[in-house]
Amino acid sequence: MPQDTPKDTLFQPLKVGAVTLKNRIVMAPMTRSRADNPEKTATDLTATYYGQRASAGLIITEGTQVSESGQGYLYTPGIYSEPQTQAWKKVTDAVHAKGGLIAAQLWHVGRISHSSVLPKGLPPVAPSAIRANATTFALDGNDTPGQVPTDTPYELSAYRGIPTVVFELAQAARNAIEAGFDLVELHGANGYLLAQFLSPDANQRTDQYGGSLQNRARFVLEVIDAVAAAIGPDRVGIRLSPWAPQFINDIDGTIEAEEMTLYLGAELEKRGIAYLHMAEWGENIYPDGFRQRLRDTYKGAIIYAGGYDQAKAEALLETATADAVAFGVPFIANPDLPERFREGSEIAVADKATFYGGSAQGYTDYPDRNGNAV
Ligand SMILES: Cc1cc2nc3c(=O)[nH]c(=O)nc-3n(C[C@H](O)[C@H](O)[C@H](O)COP(=O)(O)O)c2cc1C
C-alpha cells in the first residue's frame, strides 16, 4: 500500500468536446502491428485488447491509415474501406460495453513509407520530394519483413494531391464515426505527413503551403476544417510533438516550435476543437512557462504524454496547465492501469519483444493486478 492517501486529481471527470471522460488517465496511441490480414482490418484480438483497457478515461487507438497511400508500415490497420470500418465497430462495441470511450488516431505517414507497403509499388507522397533519413518496417529486397530505408517521396500537387489527402482524412473521420468512435485524433506528431508540412526541413514548397509559418500550417488547418465539417469540431483532437528530436523520423522539432504550437493552439481555439494532445520526447523539453502560455492560448482539453508515471501525472495536473495525461507503455502490461493507480498496486513492466507484431502474447495476455486473466 502507498504511504500517502492517493490524490484524486487523476480521477476527476473531464469534458472533452462532445464527451465526458470518467477519469483523466488516457491510453496513448500505440501501433501494435497485428493487422496481419489482406484487408488490413482490426481483428477480434484488437477488440479484446482495447476492451480490456476500457477503464481508461479515453483510449486512443494505434495510428490507423486513412488511405492505401497513407500506410507506412506492415501490419497496421486502416479505416478507409467498408470491411475496415465494420471491423472497428467490434472494437468500439467492446470498449463501450465496458463503459469506456475511444478515439481513432487517423494516420497518414507521408514520406515515412516504402513502396513495398504502398499500392502498385508507388513511392510515398509528401510536401516536398525530400527523402527522410529514416527507416520503416516493410519488406526488404528479399521480400522479408524488416527495417528498410524510406523511399524518396513525390511532392503532392496543390491542385490535386493535397485536396485528395484532405478528402481522405475527412472521409476516414466519417468512417470512424460510423464505426462508433467517440472522437478522432489527427496524427500531427512524430514526423508523419501533418508534421512534415509544419517542418521547414521536410516542407520546402514555394506555393501557399510552404515558406512562412502560416503557410506551413495551412495544410494542417485545412485538414482540421475538413474533418470538423465532416463530424463536428467537438469530436476532433490533434496530436503534436514540438521539440521532438531529429531521430524521430528526421524532423528537427525545435525549429519555431513554440511559435508554431501557439499559432496552432490559437487556431484550434477559434475552431472549438475538442482537444490538443502533446507528445513529449524527453523530460523538461519545453521552455520555461510554455505550458502556461499554451493553456492561455487554447482553452479546450490539453493532454500531455511521454514518460509519465502516476506521481508525475498528478504533479502536472496540479499545475492546472494540463487536463489529462496519456500513458503508453504502462498500458501495455497493465490493462487495469487506472485501478492500479487508485489502489496503489504494483505496475507491471512490459516486454518490448512483443510490442510490434505477433499475436495474443504480449498483447491480450497481461493479467490484472490480482494476477487474474482479463
Ligand atoms: C509500441 C509503441 C507504439 C507507438 N505507436 C504510436 C502511434 O501509433 N501513434 C502515436 O502518436 N504515438 C505512438 N507511440 C508513442 C506513444 O503514444 C507515447 O507518446 C510514448 O510511448 C511515450 O509515452 P509513454 O512513456 O507513456 O509510453 C508509440 C509508442 C510505443 C511504445
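How many nonpolar, polar and charged residues does the lining of the second largest cavity have, by class? That lining has 4 nonpolar, 2 polar and 2 charged residues. The model described here is predicted. The ligand sits in the largest pocket, and the protein covers 85% of the 610 Å² of accessible area that the ligand has on its own. The notes below take the ligand, then the pockets, then the cavities.

**Ligand contacts**

- The shell around the ligand holds 17 residues, of which P29, T31, R239, G307 and G328 come nearest.
- By class, the residues of this shell are 8 nonpolar, 8 polar and 1 charged.
- R239 places a polar side-chain atom 2.7 Å from an oxygen atom of the ligand.
- Q105 also uses its side chain, in which an N or O atom is 2.8 Å from a nitrogen atom of the ligand.
- V329 makes its approach through the backbone, with an N or O atom 2.8 Å from an oxygen atom of the ligand.
- With these contacts in place, 85% of the ligand's own accessible area of 610 Å² is covered by the protein.

**Largest pocket**

- The pocket in which the ligand sits is the largest pocket, and about 1,000 Å³ of space lies in it.
- Its lining is made up of 41 residues, and P29, M30, N190, W281 and Y356 are the closest to the pocket centre.
- P29 therefore appears in two lists, as one of the residues that come nearest to the ligand and as one of those closest to the centre of the largest pocket.
- Two or more lining residues come from each of strand 5 (102-107), strand 7 (135-139), strand 14 (324-327) and helix 9 (329-333).
- Among these elements, helix 9 gives the most to the lining, with 3 residues.
- The lining of the largest pocket divides into 21 nonpolar, 15 polar and 5 charged residues.

**Second largest pocket**

- The second largest pocket contains about 350 Å³ of space.
- It is lined by 17 residues, with S69, L122, V125, L156 and G161 closest to its centre.
- Strand 9 (154-155) and helix 3 (161-178) are the elements that give two or more residues to this lining.
- Helix 3 supplies the largest share, 4 residues.
- By class, the lining of the second largest pocket has 8 nonpolar, 4 polar and 5 charged residues.

**Cavities**

- The model has 2 cavities of 30 Å³ or more.
- The largest cavity has a volume of about 250 Å³.
- Of the 24 residues lining the largest cavity, L198, S241, P242, I251 and G253 are the closest to its centre.
- Helix 4 (193-198) and helix 6 (257-271) each give two or more residues to the lining of the largest cavity.
- Helix 6 gives the most to that lining, with 4 residues.
- The lining of the largest cavity has 14 nonpolar, 7 polar and 3 charged residues.
- The second largest cavity holds about 30 Å³ of space.
- R34, A35, T41, A42, T46, E62, P77 and Y363 line the second largest cavity.

Technical notes
Residues are numbered from 1 along each chain as its sequence is written. This is a predicted model: local features need pLDDT of at least 70, side-chain atom pairs count only at pLDDT 80 or more; totals for chains, interfaces and linings use all residues. Side-chain values use heavy atoms; hydrogens and water are left out. A residue is near a molecule or strand if one of its heavy atoms lies within 4 Å of it. A polar contact is a pair of N or O atoms within 3.5 Å; within protein, one must be able to donate a hydrogen and the other to accept it, and residues adjacent in sequence count only if both atoms are side-chain atoms. Accessible areas come from the Shrake-Rupley method with a 1.4 Å probe; for residues, only the protein chains shown count as cover. On a 1 Å grid over the protein atoms alone, a cavity is a set of points where a 1.4 Å probe fits but cannot get out, and a pocket is an open set with protein on both sides within 12 Å along at least five of seven lines; lining residues have an atom within 4 Å of a point. A molecule sits in a cavity or pocket if more than half of its atoms lie within 2 Å of its grid points. Ala, Val, Leu, Ile, Met, Phe, Trp, Tyr, Cys and Pro count as nonpolar, Asp, Glu, Lys and Arg as charged, and the others, Gly among them, as polar. Grid points are joined across faces, edges and corners, and a volume is the space filled by probe spheres set on the points.
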